[in-house]
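Biologist: I am new to this structure. Please show me how to read its features, one at a time.

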Amino acid sequence: MRPEMALDERATRVMRHPGDDMLIPDRLQRIRAALTESGSVRIDDLVHSLGVSAWTVRRDLAELERQGELRRTHGGAYLEGHTPPTNGADVDDDATRAAKLRIGAAAAAQLDDGSTVMVLAGSTTGALVPVLARRRLTVVTNGLEIAHGLRHAPDISLVVVGGYLHREQMTLLGPLSEAAMADLHVDVIVAGAYGVHPQVGVTGAKILQAGYHHSMLRHTDRLMVVADSSKIGRRGPTVLASAQDVGTLVTDTGAPGDTVDELRAAGVDVQLV
């Protein structure tokens, strides 16, 4: 064997994951076994044990949820009657998940057919996907899971903005993402938030998001924020946009009334669903 062939073979072995050759039914069966043993599973643990990406694990969990075998949460999944797993992040209960679906549907209904929309990655923005898939739009996104959800939508022209991969959220961020927007203009940006505060504005939980969001605002006519009521009045460590930058905020009826009034006084069209 030539030395360069041996090097190529070793490189291939290094790049492959143990789960690459595992059939989907085998992965699903191993997930079922883990659930049976402990009642809940975390995505990070499954990534390690199965040797696949977090994206693959999320798709497997979504399939098992579709079959009625489990309930998904942010960061994992659990069996009915068991305690949801936590990983230091927020965990959505049934009411919050239902609220996000209402928010997503209400936000999507306001997008005009034929328009160009940027949907930033997030759990609440992801709730728009089932509705968007039936629309005629150009969708720009930095979220790989959003792109995956729209991949078969016949009337969606899909543009994925490249950049640094944040693996936990399957999000593309950073200078490359900002550069990719240089020649683009969108009618509306739909963004989630860690918090929405009348004085502080729209905030995020990760410093890396700040410059990216500020640069995005230069390429749109309108910013729509989608956030469940637990985010209203909360502050995060990095400011993504001021309250004055927000055209529309779609949230649920659990949002605190005094904060909603302050946001409206700041010029935000707050819609409660």
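Modeller: Start with the vocabulary. Helices (H or I, at least four residues) and strands (E, at least two) are DSSP runs, numbered from the N terminus. This is a predicted model, where local features need pLDDT of at least 70, side-chain atom pairs count only at pLDDT 80 or more, and totals for chains, interfaces and linings use all residues. Residues are numbered from 1 along each chain as its sequence is written, and side-chain values use heavy atoms, with hydrogens and water left out.

Biologist: How many helices and strands are there in the protein?

Modeller: Ten helices and 15 strands.

Biologist: How do strands make a sheet?

Modeller: Strands of a sheet pair through backbone hydrogen bonds, either parallel or antiparallel. Here, two strands pair if DSSP finds at least two bridges between them. One open sheet has seven strands with parallel pairing, in the order β6-β5-β4-β9-β12-β14-β15. Its edge strands, β6 (156–160) and β15 (269–272), each pair on one side only. Neighbouring strands are turned by 20° against each other on average, direction ignored. Angles run from 0 to 180 degrees between N-to-C directions; axes are lines fitted to C-alpha atoms, for helices over the stretch in contact.

Biologist: Which strand pairs with β4, and over how many bridges?

Modeller: Strand β5 (residues 137–141), in the parallel sense, over four bridges. One bridge joins M118 to V140 in β5. Helix α5 (residues 94–109) packs on this sheet and touches β12 and β14 (248–251). The direction of α5 makes about 145° with that of β14. Helix α10 (residues 257–265) packs on the sheet too, touching β14 and β15.

Biologist: Take V117 in β4. Is V117 buried or exposed?

Modeller: Buried means under 20% relative accessible area, exposed over 50%, partly exposed in between (1.4 Å probe, protein chains only). V117 counts as buried because its relative accessibility is 1%. Leave aside neighbours within four places in sequence: V117 is then in contact (heavy atoms within 4.5 Å) with L111, L137, T138, V139, V140, V188 and V190. Across the whole protein, 45% of the 273 residues count as buried.

Biologist: Where does S229 lie, and why does S229 count as buried?

Modeller: S229 lies in the loop between β12 (223–226) and β13. S229 counts as buried because its relative accessibility is 18%. Its contacts, again leaving aside neighbours within four places, are T251, D252, G254, A255 and P256.

Biologist: Which other sheet should I look at?

Modeller: An open sheet of three strands, with antiparallel pairing and the order β10-β11-β13. The edge strands are β10 (195–197) and β13 (238–241). Neighbouring strands of this sheet are turned by 40° on average, direction ignored. β10 pairs with β11 (residues 201–204) over three bridges. In β11, T203 is the bridge partner of G195.

Biologist: How do I find empty space inside?

Modeller: Rolling a probe the size of a water molecule over the atoms shows where empty space is left. On a 1 Å grid over the protein atoms alone, a cavity is a set of points where a 1.4 Å probe fits but cannot get out; lining residues have an atom within 4 Å of a point. Grid points are joined across faces, edges and corners, and a volume is the space filled by probe spheres set on the points. The search finds two cavities of 30 Å³ or more. The second largest has a volume of about 30 Å³.

Biologist: Which residues line the second largest cavity?

Modeller: Among them are V196, H197, G201 and V202. β10 and β11 each supply at least two residues of this lining.

Definitions and conventions. On a 1 Å grid over the protein atoms alone, a cavity is a set of points where a 1.4 Å probe fits but cannot get out, and a pocket is an open set with protein on both sides within 12 Å along at least five of seven lines; lining residues have an atom within 4 Å of a point.
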